[in-house]
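Colleague: I am new to this structure and would be grateful for guidance on how to read it. May we go through it feature by feature?

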Amino acid sequence: MTKNQALRAALSNGRLFTAMSAHNPLAAKLAEEAGFDGIWGSGFELSASYALPDASILSMATHLEMMRAIASVVSIPLIADIDTGFGNAVTVGYIVPQYEAAGASAIVMEDKTFPKDTSLRAEGRQELVRVAEFQGKIACAIAARKDKDFAVIARVEALIAGLGQEEALKRGLAYEEAGADAILIHSKQQTPDEILAFIQAWPGKIPLVLVPTAYPQLTEADIAALGKVGIVIYGNHAIRAAVGAMRAVFAQIRRDGGIREADKTLPSVKEIIALQGDAHMRDLESRFLR
Ligand code: SPV
Ligand code: MG
């Protein structure tokens, strides 16, 4: 089964697919090692890793190259976060084949205006494009894909923009009609109520995708029991884990005036060399270095 087929199957087999965020290939490898079904190529994480806001500041080329690097080191599907599609429907028609060629198995495109603001920022600028315009962007993404198993996931930001359930449901259905393979419905409410109300009311035939960052109480078992959700994305846990771990170790080294104590808590250099793909290099060395 190809990576695209594995993700496609997840959208129809009724089993919840779990995707962990990554901002570089090493994080993606660790997510695969931990047993996640796929990788979320998060724009938020990549922006954060450059210490920049997630607000259409990094270029498409920067994101695309990171997706290529991630896809080349993992054997699980990569879902690429293409934000607003970096432009209009015509732009989308050019970038989708590039993401597909880079090894992504799906794109998620959101119905916000370009330049976007990140969804979970307090008082962020959340403006949506017209429904017809976004339907055109989805239809163009579908027309542009080469492999029919490459998934086009439409992301509804109506709840993030405070436009309410009716608008969110209307947009979800309009995007399904335009050909989307799944609907990512995003919410920044700190309880699952808003998202649960949407899921209960969702009349569409295609599965939903959740990013429960703001409402972490909802477990995978809870989500699976709802029956309508195909994918859960953990949106920023790699970068937050990295920030927490680096802060703690850096502070300890400053406190101790040296690395002796901190060293005991860290993965060994040998472990990092293994993660760099040492086994493959040793194989090449033994076979071809003459
Ligand atoms: C991302 O991880 O880049 C996302 C999810 O799009 S969120 O940051 O919650 O909008
Ligand atoms: Mg994003």
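Colleague: What distance separates the centres of domain 1 and domain 2?

Modeller: In this predicted model, the centres of domain 1 and domain 2, taken over C-alpha atoms, are separated by 32 Å. The domain assignment places residues 3-236 in domain 1 and residues 243-288 in domain 2.

Colleague: How is empty space in a structure to be read, and what volume does the largest pocket have?

Modeller: Rolling a probe the size of a water molecule over the atoms reveals where empty space remains. Here the largest pocket has a volume of about 700 Å³. Its lining comprises 23 residues, and those closest to the centre are Leu26, Leu30, Ala242, Ala245 and Pro267.

Colleague: Which elements give two or more residues to the lining of the largest pocket?

Modeller: They are strand 1 (17-22), helix 2 (25-34), helix 10 (237-256) and helix 12 (269-275). Helix 10 supplies the largest share, seven residues. Domain 1 and domain 2 each contribute at least three residues to this lining. By class, the lining of the largest pocket holds 18 nonpolar, three polar and two charged residues.

Colleague: Which residues line the second largest pocket?

Modeller: The second largest pocket, with about 170 Å³ of space, is lined by Leu120, Arg121, Ala122, Lys188, Gln190, Thr213, Ala214, His237 and Arg240. This lining divides into three nonpolar, three polar and three charged residues.

Colleague: How many cavities of 30 Å³ or more does a search of the whole structure find?

Modeller: The search finds two. The largest cavity contains about 190 Å³ of space. Of its 16 lining residues, Phe44, Thr118, Leu120, Arg155 and His186 are the closest to its centre. Four nonpolar, eight polar and four charged residues make up that lining.

Colleague: Which residues lie nearest the centre of the second largest cavity?

Modeller: Among its 13 lining residues, Gly43, Ser47, Leu58, Asp83 and Phe86 lie nearest the centre. The second largest cavity has about 100 Å³ of space, and helix 3 (residues 43-49) gives the largest share of its lining, three residues.

Colleague: How should one read a pair of helices, and at what angle do the axes of helix 4 and helix 5 cross?

Modeller: Two packed helices are described by the angle and the distance between their axes. The axes of helix 4 (residues 60-71) and helix 5 (residues 89-101) cross at roughly 25° and come within 9 Å. Helix 4 is therefore roughly parallel to helix 5. In this contact, Met60, His63, Leu64, Met67 and Arg68 of helix 4 meet Ile95, Gln98, Tyr99 and Ala101 of helix 5. The contact residues comprise six nonpolar, two polar and one charged.

Methods: Residues are numbered from 1 along each chain as its sequence is written. Chains are lettered from A and ligands numbered from 1 in the order in which they are written. This is a predicted model: local features need pLDDT of at least 70, side-chain atom pairs count only at pLDDT 80 or more; totals for chains, interfaces and linings use all residues. Side-chain values use heavy atoms; hydrogens and water are left out. Axes are lines fitted to C-alpha atoms, for helices over the stretch in contact, and angles run from 0 to 180 degrees between N-to-C directions. Helices (H or I, at least four residues) and strands (E, at least two) are DSSP runs, numbered from the N terminus. Angles under 35 degrees count as roughly parallel, over 145 as roughly antiparallel, 65 to 115 as roughly perpendicular and the rest as oblique. Contact means heavy atoms within 4.5 Å. Ala, Val, Leu, Ile, Met, Phe, Trp, Tyr, Cys and Pro count as nonpolar, Asp, Glu, Lys and Arg as charged, and the others, Gly among them, as polar. On a 1 Å grid over the protein atoms alone, a cavity is a set of points where a 1.4 Å probe fits but cannot get out, and a pocket is an open set with protein on both sides within 12 Å along at least five of seven lines; lining residues have an atom within 4 Å of a point. Grid points are joined across faces, edges and corners, and a volume is the space filled by probe spheres set on the points. Domain bounds come from an automatic or database domain assignment.
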